[in-house]
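This report describes a protein chain by its local environments, its strand pairing and its core. The sequence and the structure are shown first.

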Amino acid sequence: MRYVVLGAGAVGGVIGANLHLAGRSVTFVARGSHLDRIRADGLLLDRADGRHLVRVPVSPALHRGRLVRAR
């Protein structure tokens, strides 16, 4: 199963990062500077088992249920 997280803020970021760390296929949808930061730096997740840098695909939008790839 593939997961798309609409909005990779505090809640969506934690849920998506944990799914990714569990071996699931995850893509985030984000906008603006948040999109740029996730692309450049990934997401840093602090958990009881340590700090994890999560790098997952991120898209600026959905169009008719499909991810839009920015160029």
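## Arg24 and its surroundings

Arg24 lies in the loop that connects H1 with S2. The model is a predicted one, and in it the relative accessibility of Arg24 is 45%. Arg24 is therefore classed as partly exposed, since that class lies between under 20% for buried and over 50% for exposed.

Once residues up to four places away in sequence are set aside, Arg24 touches Tyr3 and Leu19. Arg24 is also paired in space with a residue from another part of the sequence: Arg24 and Arg2 are separated by 22 residues in sequence, and their C-alpha atoms are 6.9 Å apart.

## Overall composition and confidence

The protein chain contains 2 helices and 7 strands. In sequence order these elements give the pattern β-α-β-α-β-β-β-β-β. Of the 71 residues in the protein chain, 30% are buried. The chain exposes about 5100 Å², of which carbon and sulfur atoms supply 52%. Among contacts with a separation of 6 or more, 45% join residues 24 or more positions apart.

The average pLDDT of the protein chain is 88, and 87% of the residues score at least 70. Confidence varies among the elements: strand S4 (residues 50–54) has the highest mean pLDDT, 97, whereas strand S7 (residues 66–68) has the lowest, 61.

## The parallel sheet

Three strands form an open sheet in the order S1-S2-S5, and their pairing is parallel. Strand S1 (2–6) and strand S5 (58–59) are the edge strands, each of which pairs on one side only. Helix H1 (residues 10–21) packs on this sheet and touches S1 and S2; the direction of H1 makes about 160° with that of S2.

How many bridges join S1 to S2? These two parallel strands are joined by 5 bridges, while S2 and S5 pair in the parallel sense over 2 bridges. Phe28 takes part in both pairings: Val5 has Phe28 as its bridge partner in S2, and Phe28 has Val58 as its bridge partner in S5. S2 is mostly covered, with 4 of its 5 residues buried.

## The S3–S4 hairpin

S3 is joined to S4 by a hairpin through 2 residues. In contrast to the parallel sheet described above, S3 and S4 pair in the antiparallel sense, over 5 bridges. Within this pairing, the bridge partner of Leu45 in S4 is His52.

## The nonpolar core

In soluble globular proteins, nonpolar side chains tend to be buried together. The largest nonpolar core here has 13 residues, and those with the most contacts inside it are Phe28, Ala30, Ile38, Leu43, Val54 and Val58. Strand S2 (25–29), helix H2 (32–41) and strand S3 (43–47) are the elements that give two or more residues to this core.

Phe28 has contacts in several parts of the sequence. Apart from neighbours within four places, its contacts include Val5, Ala8, Gly12, Gly13, Gly16 and Ala17. Leu43, Val56, Pro57, Val58 and Ser59 are also in contact with Phe28.

## Two positions in helix H2

Is Leu35, a residue of helix H2, buried or exposed? Leu35 is buried, because its relative accessibility of 8% falls under the 20% limit. Beyond its neighbours within four places in sequence, Leu35 is in contact with Ala30, Val58, Ser59 and Pro60. The C-alpha atoms of Leu35 and Val58 are 7.0 Å apart, although the two residues are 23 residues apart in sequence.

His34 is likewise placed in helix H2. With a relative accessible area of 35%, His34 is partly exposed. Neighbours within four places aside, His34 is in contact with Ala8 and Gly9. His34 and Pro60 are 26 residues apart in sequence, with a C-alpha to C-alpha distance of 9.8 Å.

Technical notes. Residues are numbered from 1 along each chain as its sequence is written. This is a predicted model: local features need pLDDT of at least 70, side-chain atom pairs count only at pLDDT 80 or more; totals for chains, interfaces and linings use all residues. Side-chain values use heavy atoms; hydrogens and water are left out. A nonpolar core is a set of buried Ala, Val, Leu, Ile, Met, Phe, Trp, Tyr and Cys residues joined through side-chain atoms within 4.5 Å. Buried means under 20% relative accessible area, exposed over 50%, partly exposed in between (1.4 Å probe, protein chains only). Contact means heavy atoms within 4.5 Å. Two strands pair if DSSP finds at least two bridges between them. Axes are lines fitted to C-alpha atoms, for helices over the stretch in contact, and angles run from 0 to 180 degrees between N-to-C directions. pLDDT is the predictor's confidence in each residue, from 0 to 100. Accessible areas come from the Shrake-Rupley method with a 1.4 Å probe; for residues, only the protein chains shown count as cover.
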